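This report looks at how one helix and one strand are placed in a predicted model. The sequence and structure come first, and the description follows.

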Amino acid sequence: MRHQSSGHCPACGGVHAAEACPTARGSRPAPPADLALIDNLVAANRILAHQQVVDGFGHVSVRHDKDRSRFLLSRSMAPALVTTEDILEFDFDGNAILPNGPAAYLERFIHAEIYRRRPDVNAIVHSHSPAVIPFTVTPVPLRALYHVSSFLGSGLPVFDIRDVAGDTDMLIRNSGLGAALATSLADKPAALMRGHGSVAVGSTLQLAVFYAIYLETNARMQAGALRLGPITYLTDKEAALSTETTNNQATRAWDLWKLQVSKSS
Ligand SMILES: [Zn+2]
């Protein structure tokens with residue numbers, strides 16, 4: 001995989017090398033992505049549906065392995081139904097690199113703007129997973145309750161679309177809103193979206209899926225524990241130490257989840 005320059009592009013000012021600039025290059029497709037990467041993206045869609053993180057809505061993307069200024073995302077459809085034929089290539093302006101192609105997700109700008117700003121991110125999950133939503137509309141912070149979700153640390157940013165755009169339909173339907181969400185996410189592994197859902201990011205597809213699933217699991221457990229009494233959360237130090245360990249274990253869970261969806265399809 002090519003590595004990205006940390007400098008700014010002289011053609012468009014984006015954070016990528018000049019030779020990877022989509023503005024300068026136009027909308028030519030990147031060389032074909034690795035088939036294993038596409039297969040894993042299809043599996044990620046099905047895993048997230050199987051784990052009830054996404055339903056008819058929500059999406060997962062991966063950065064293109066041959067061109068870091070592009071990403072791969074399904075056409076607009078329910079994630080459980082995605083096949084390799086449904087995967088499209090996009091640039092950082094949210095344009096599909098396929099003229100007159102099928103309809104794209106309205107919220108593809110979430111992915112575009114996070115990839116544009118986070119060279120460390122190679123995969124993104126956006127979901128409306130139900131246990132997380134209450135933590136987006138109340139003052140109770142979602143915090144790491146146990147070691148597997150230690151990446152949450154002592155809390156995540158909560159993006160409120162109203163702060164940047166007033167009353168809207170709540171969707172991240174353009175680059176400006178995507179940029180505002182990406183700014184709120186900053187360098188964190190996930191962000192909550194008020195009255196909407198969440199976004200989880202990772203250096204690999206496996207890690208982004210892992211984070212999205214355990215974001216939901218932690219939320220469910222935290223809501224239950226709050227009914228029992230005060231919670232003893234992981235300290236920041238415990239969370240940091242545990243995240244280091246857990247990140248190296250994410251593929252173990254991925255292998256199981258992938259097997260489960262391959263059996264059910
Ligand atoms: Zn959404």
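## Packing of helix α6

In this predicted model, the buried residues of α6 pack against α3 (108–117), β5 (158–159), α5 (161–165), β6 and β7. Helix α6 itself spans residues 175–185, and its buried residues are L177, G178, L181, A182, S184 and L185. These buried residues cover an arc of only 160 degrees around the axis, which means that they lie on the same side of α6. In an α-helix there are 3.6 residues a turn, so residues three or four places apart point the same way.

Directly after α6 comes A186, whose phi is positive, near 50 degrees.

## Strand β7 and its surroundings

Strand β7, which is formed by residues 197–202, is one of the elements packed against the buried residues of α6. The strand is mostly covered, with six of its six residues buried. In a regular strand the side chains alternate between the two faces of the sheet. Both faces of β7 are covered, since G197, V199 and V201 on one side are buried, and S198, A200 and G202 on the other are buried as well.

## Strand pairing

Strand β7 runs antiparallel to strand β4 (residues 123–127), to which five bridges join it, and in β7 it is V199 that stands opposite H126. With strand β6 (residues 190–193) the arrangement is also antiparallel, with four bridges joining it to β7, and here L192 stands opposite S198 in β7. Strands β6 and β7 form a hairpin with three residues between the strands, where G195 takes a positive phi near 65 degrees.

Conventions: Residues are numbered from 1 along each chain as its sequence is written. This is a predicted model: local features need pLDDT of at least 70, side-chain atom pairs count only at pLDDT 80 or more; totals for chains, interfaces and linings use all residues. A residue is buried if 20 or more other C-beta atoms lie within 10 Å of its own, exposed if 12 or fewer, and partly exposed in between; C-beta atoms are placed from the backbone. Helices (H or I, at least four residues) and strands (E, at least two) are DSSP runs, numbered from the N terminus. Two strands pair if DSSP finds at least two bridges between them. The arc is that of the directions from the helix axis to the C-beta atoms. Two residues are in contact if their C-beta atoms, placed from the backbone, lie within 7 Å.
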